[in-house]
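Hi,

Here is the structure I said I would send over. Have a look when you get a moment; my notes on the cores and the cysteines follow below.

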Amino acid sequence: MFQQLTILGPGLLGGSIGLAVKQRKLAKRVVVWARRPEAGDQAVQLGAADATTHDLRRAVAESDVVIFATPIGVMRTLAEQLRGVIRPDCIVTDVGSVKYDVVAQLGALFPRFIGSHPMAGSEQAGIEAARRDLFEKATCIVTPTEHSDKTALQAVHDFWKALGCVVRTLPPQEHDEIVARVSHLPHAVAAAVVNVVCRDDGKALNFTGPGFRDFSRIASGPPEMWTEICLENREEIGRSLDALIQELGNLRAALANKDAVELKAMLKRAKHYRDELRFRL
């Protein structure tokens with residue numbers, strides 16, 4: 001059990017961390033810092049924190065663990081403000097979905113920083129959407145470097161496992177490559193497909209079934225957050241889009257050539273991989 005755990009940013013992930021930590025009694029005291037005081041007050045009212053403060057330095061001064069649960073672009077600014085305020089023995093982590101720059105920058109400021117990415121978000125946002133079971137059976141990718149503090153790494157690993165996550169480890173650069181394909185690309189594609197379907201007047205939405213609703217769900221994610229993610233990981237997403245465009249080109253050619261053999265092979269290959277995924281969930 002930690003004496004005090006501080007969450008910077010009580011949104012969906014930050015609020016869910018607070019709820020899960022409180023439920024599992026992983027910290028004697030949970031403090032949240034929020035830019036909007038009403039968000040911090042709501043976190044306390046919902047049971048995601050014991051206390052809230054609008055004073056950034058006060059929020060972290062006595063903490064054993066500090067979790068950056070803010071948008072990625074805000075993390076750098078906050079980290080600079082907390083240089084020398086967070087204790088040297090304090091464990092610091094984050095929940096950002098892009099890791100290379102975050103790990104480089106925060107790792108240079110905090111000796112016990114370990115990057116984390118719980119793959120447990122949703123199309124919803126805000127403390128109102130927080131759930132104490134959000135991390136159950138979710139994958140959390142931890143992204144240490146060769147310079148990472150080994151004790152801090154073990155503590156962060158154990159923390160996410162205690163919240164119910166399946167914890168995996170990747171170098172920051174490899175994390176960004178893989179997550180671009182399995183998370184960022186699907187979101188971009190879902191958004192593009194919805195825009196194509198609604199290109200005229202949205203009339204086609206009156207005829208959609210559960211397949212389209214399931215496929216397009218993630219397109220409802222917060223545009224501001226996803227704009228930032230796409231720009232932060234633009235090179236890897238760009239490479240993933242190039243690969244997708246090539247695959248779509250092959251599909252287009254198969255249709256144009258009435259090539260049933262190639263078309264069936266592509267669909268069969270996709271079904272095989274997707275069916276394999278069922279056994280990994």
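The largest nonpolar core has 37 residues, and the ones that touch the most other members are L5, I17, V21, F135, F159, W160 and L163. Keep in mind that this is a predicted model. Two or more residues of this core come from each of β1 (2-8), α1 (12-24), β2 (27-33), β4 (65-68), β7 (139-143) and α6 (150-162). The top contributor is α1, which gives 6 residues.

L163 is a good place to start if you want to click around. Setting aside neighbours within four places in sequence, L163 is in contact with A20, V21, R24, L26, F135 and E136. Two of those partners, V21 and F135, also sit on the list of residues touching the most other core members.

There is another core, apart from that one, with 28 residues. Its members include A59, V103, F110 and W226.

Now the cysteines. How many disulfides does a search of the whole structure find? It comes back with 0. For C165, the closest cysteine sulfur is in C140, and at 4.9 Å that is too far for a bond, because a disulfide needs the two sulfur atoms within 2.5 Å. C165 itself is buried, at 6% relative accessible area. C230 has no partner either, because its closest cysteine sulfur, in C198, is 19 Å away, too far for a bond. Unlike buried C165, C230 is partly exposed, with a relative accessibility of 26%.

Cheers

Definitions and conventions: Residues are numbered from 1 along each chain as its sequence is written. This is a predicted model: local features need pLDDT of at least 70, side-chain atom pairs count only at pLDDT 80 or more; totals for chains, interfaces and linings use all residues. Side-chain values use heavy atoms; hydrogens and water are left out. Buried means under 20% relative accessible area, exposed over 50%, partly exposed in between (1.4 Å probe, protein chains only). A nonpolar core is a set of buried Ala, Val, Leu, Ile, Met, Phe, Trp, Tyr and Cys residues joined through side-chain atoms within 4.5 Å. Helices (H or I, at least four residues) and strands (E, at least two) are DSSP runs, numbered from the N terminus. Contact means heavy atoms within 4.5 Å.
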